[in-house]
Amino acid sequence: MIYTVTFNPALDYVVGVEDLTLGMVNRTTKENVFYGGKGINVSILLKELGYESIALGFVAGFTGNEIESGVKKAGVTTEFIHLQEGMSRINVKIKSKEESEINGQGPMITKEALKALFDRISRLEEGDLLVLAGSIPNTLPDDSYEKIMELVKAKKVDVVVDATKDLLHNVLKYHPFLIKPNNYELGELFGVTVKTDEEIIHYAKELQKLGARNVLVSMAGEGAILVDETGKDYKIGVPNGVVRNSVGAGDSMVAGFLAGYLETGEYEYALRLGAATGSATAFSDGLAEKALINELLEQI
């Protein structure tokens, strides 16, 4: 079974405003509500691609209830831990001449609730796959991902980590199956700016020396580069389309990559499906749908 973890899920309230003017009343031209959180996005896209998963994490209050209901309606099994105080976040994402975001803080996660999550993860079995995606709330210990990976280390559970900076660097010693920095985040890890494909491949291999098995580097409109666990590298471009949405594209790439690898066991195909799925979300108002994913897959 595939499990995804979202520490701080949210209702994403996405609004269109023709010309956002600070200090004035602004009228929306369109509105959508999505059930957000990087792990949740991965679970929803996996379902769209035909793979079941269980979404883990924390929810609280009426917004938490709505998140859980919405994720279930998307066909994803949930085992969220319900917090007794606070409420899950509402993130406001404003699409105008420039994109702006106002992200909520989210509820306080207690030590008891965190222990309950750890206890659930400790019951994963050999052959399961675990996706850790996104940041850790500042109310939790910085080593929470490390503790999770320690729990499953002996069980031969493949772990995917989509995180940044120290959060990513500190888990490499546990040999994650896949990590997915973008090219800027890759440079941040080494205190450099990476500009060429050769530099990206070089630093991806440096991450492998630190423990990562497969390194997938997304490059927005320039496509993506994968260095697989055998040391072979692949580059893929992006299909034709108009970018309408930047939210969830990276999570979609992770889901597509996993679905492609589970389907064929081939990294090259996994990269193609990952790129198609990420692009399909970027070309949509919300998360990608399978018809568009398949259409774009034929282009790359």
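# Salt bridges, a sheet and two helices

Let me begin with aspartate 162, which at 8% relative accessibility counts as buried, because that value lies under 20%. I should say at once that the model in front of you is a predicted one, and that what I report about aspartate 162 and the other residues is computed from that prediction.

What does the side chain of aspartate 162 meet in a salt bridge? The partner is lysine 38, and the distance from N to O is 3.4 Å. This pair links distant parts of the chain, since lysine 38 belongs to helix 1 and aspartate 162 to strand 9, residues 158–162, with the two positions 124 residues apart in sequence numbering. The two partners do not share a burial class: lysine 38, at 28% relative accessibility, is partly exposed, whereas aspartate 162 is buried.

The structure holds 17 salt bridges, and I would like to take you through a few others. Arginine 120 and glutamate 79 meet through their side chains at 2.5 Å, N to O; here too the pair links distant parts of the chain, with arginine 120 in helix 3, residues 111–121, and glutamate 79 in strand 5, 41 residues apart. Arginine 120 is the buried member, with a relative accessible area of 14%, while glutamate 79, at 31%, counts as partly exposed. Another pair is glutamate 150 and lysine 153, whose closest N and O atoms are 3.2 Å apart; glutamate 150 is partly exposed at 39%, and lysine 153 is exposed at 53%. There is also a network, in which salt bridges that share partners join Lys30, Arg244 and Asp285.

Let me turn to the sheet. In which order do the strands of the open sheet lie? There are 9 strands, and the order is 5-4-1-8-9-10-11-12-13, with mixed pairing. At the edges are strand 5 and strand 13, residues 233–236, each of which pairs on one side only. You will recall that glutamate 79 is in strand 5 and that aspartate 162 is in strand 9, so that both of the long-range salt bridges I described have a partner in one of these strands. Strand 9 pairs with strand 8, residues 129–133, in the parallel sense over 5 bridges, and valine 131 stands opposite valine 160 in strand 9.

Further along the order we come to strand 11, residues 214–218, and one may ask how many of its residues are buried. The count is 5 of 5: Asn214, Leu216 and Ser218 point one way, and Val215 and Val217 point the other way. Strand 10, residues 178–179, runs parallel to strand 11 and is joined to it by 2 bridges, with leucine 178 standing opposite asparagine 214. Strand 12, residues 224–227, runs antiparallel to strand 11 and is joined to it by 4 bridges, with leucine 216 opposite leucine 226. Strands 11 and 12 form a hairpin with 5 residues between them, and in that turn alanine 220 has a positive phi of about 50 degrees.

Now to helix 10, residues 290–297, whose buried residues are Ile293, Leu296 and Leu297. Seen down the helix axis, these buried residues fall within an arc of 105 degrees, and they therefore line one face of helix 10. As background, an α-helix has 3.6 residues a turn, so residues three or four places apart point the same way. The cover over the buried residues of helix 10 includes helix 1 (38–48) and helix 9 (267–282).

On the surface, Tyr13, Val33, Phe62, Met87 and Ile90 form a nonpolar patch, with about 450 Å² of accessible area together. One of these residues, phenylalanine 62, is in helix 2 and is exposed, with a relative accessible area of 60%.

I will finish with glycine 75, which lies in the loop between helix 2 (61–73) and strand 5 (77–83) and is partly exposed at 27%. Leaving aside neighbours within four places in sequence, which residues does glycine 75 contact? They are Lys47 and Glu52. Glycine 274, by comparison, is 199 residues from glycine 75 in sequence and 21 Å from it in space, C-alpha to C-alpha.

Note on methods. Residues are numbered from 1 along each chain as its sequence is written. This is a predicted model: local features need pLDDT of at least 70, side-chain atom pairs count only at pLDDT 80 or more; totals for chains, interfaces and linings use all residues. Side-chain values use heavy atoms; hydrogens and water are left out. Buried means under 20% relative accessible area, exposed over 50%, partly exposed in between (1.4 Å probe, protein chains only). Contact means heavy atoms within 4.5 Å. The arc is that of the directions from the helix axis to the C-beta atoms. Patches are made of residues with over 30% relative accessible area and no salt bridge: like charges are joined within 9 Å, nonpolar side chains (Val, Leu, Ile, Met, Phe, Trp, Tyr) within 5 Å. Accessible areas come from the Shrake-Rupley method with a 1.4 Å probe; for residues, only the protein chains shown count as cover. A salt bridge is a side-chain nitrogen of Lys or Arg within 4 Å of a carboxyl oxygen of Asp or Glu. Two strands pair if DSSP finds at least two bridges between them.
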